[in-house]
Amino acid sequence: DLWWDVPDNDGCAAIAHYVIEKRETSRISWALVEDKCEGNSYTATKLIAGNEYQFRVSAVNKFGVGRPLDSEPVIAQIQYTIPDAPGTPDATHVTGDSITVTWTRPKSDGKSEIQHYILERRDRKST
């Protein structure tokens, strides 16, 4: 995600929108990403994981396009990963026909909320 502050100087006219461009740092030319971004944040998509990119944002008012603000180079990464394993299951409150099983949450959720857990059982007699 990209985000930026509103310019200190709006050129004596309200900012209408922003123009966002990107380039792979191995290239010279910039490519238009969005020509009418109305907020001051943007989620860049269609990036290649592992490639290094630079972004620039220009404010636009009724007089035209202002000077761009260039980002630092960033390496595109896969945003989400699989979660770590949860803690070791602990069987508590054992009755004749039920067992309560508890465990601790994984140390990392992979940057995404855990939807559910899969609990499997194995009979002692099986291998």
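Before selecting anything, keep one scale in mind: a residue is buried under 20% relative accessible area, exposed over 50% and partly exposed in between, using a 1.4 Å probe and protein chains only. The model on your screen is predicted, so local features need pLDDT of at least 70 and side-chain atom pairs count only at pLDDT 80 or more, while totals for chains, interfaces and linings use all residues. Residues are numbered from 1 along each chain as its sequence is written, and side-chain values use heavy atoms, with hydrogens and water left out. Helices (H or I, at least four residues) and strands (E, at least two) are DSSP runs numbered from the N terminus.

**Stop 1: W103 and Y117**

Select W103, which counts as partly exposed because its relative accessibility is 31%. Add Y117, also partly exposed at a relative accessible area of 31%. Their rings form an edge-to-face aromatic pair, 5.2 Å centre to centre with 70° between the planes. Both residues lie in the segment after strand 10 (100-102), so the pair ties together parts that are 14 residues apart in sequence. For such pairs, rings of Phe, Tyr and Trp (its six-membered ring) need centres within 6.5 Å; planes under 30 degrees apart are stacked, over 60 edge-to-face, and the rest tilted.

**Stop 2: W4 and Y18**

The structure holds three aromatic pairs. Another of them joins W4 and Y18, edge-to-face at 5.3 Å centre to centre and 70° between the planes. W4 sits in the loop between strand 1 and strand 2 (17-24), Y18 in strand 2, and the pair links these distant parts of the chain, 14 residues apart. Are these two residues buried or exposed? Both W4 and Y18 are buried.

**Stop 3: N40**

Keep W4 visible and select N40, in the loop between strand 3 (31-37) and strand 4 (41-42). The side chain of N40 reaches the backbone oxygen of W4 at 2.9 Å. This is a polar contact (N or O atoms within 3.5 Å; within protein, one must be able to donate a hydrogen and the other to accept it, and residues adjacent in sequence count only if both atoms are side-chain atoms). Beyond neighbours within four places in sequence, N40 is in contact (heavy atoms within 4.5 Å) with L2, W3, W4, D5, V6 and Y18. With 35% relative accessibility, N40 counts as partly exposed. For a backbone check, the C-alpha atoms of N40 and H17 are separated by 8.6 Å, with their positions 23 residues apart along the chain.

**Stop 4: R56**

Now move to strand 5 (residues 52-61), where you will find R56. Which side chain does R56 meet in a polar contact? The partner is the side chain of E21, at 2.8 Å. Setting aside neighbours within four places in sequence, R56 is in contact with V19, I20, E21, W30, P68, L69 and D70.

**Stop 5: two positive phi angles**

Select C12, in the loop between strand 1 and strand 2. C12 is not a glycine, yet its phi is positive, near 65°. C12 counts as exposed, at 74% relative accessibility. Then jump to H93, in the loop between strand 9 (90-92) and strand 10. H93 is not a glycine either, and its phi is positive at about 50°. H93 is exposed too, with a relative accessible area of 58%.
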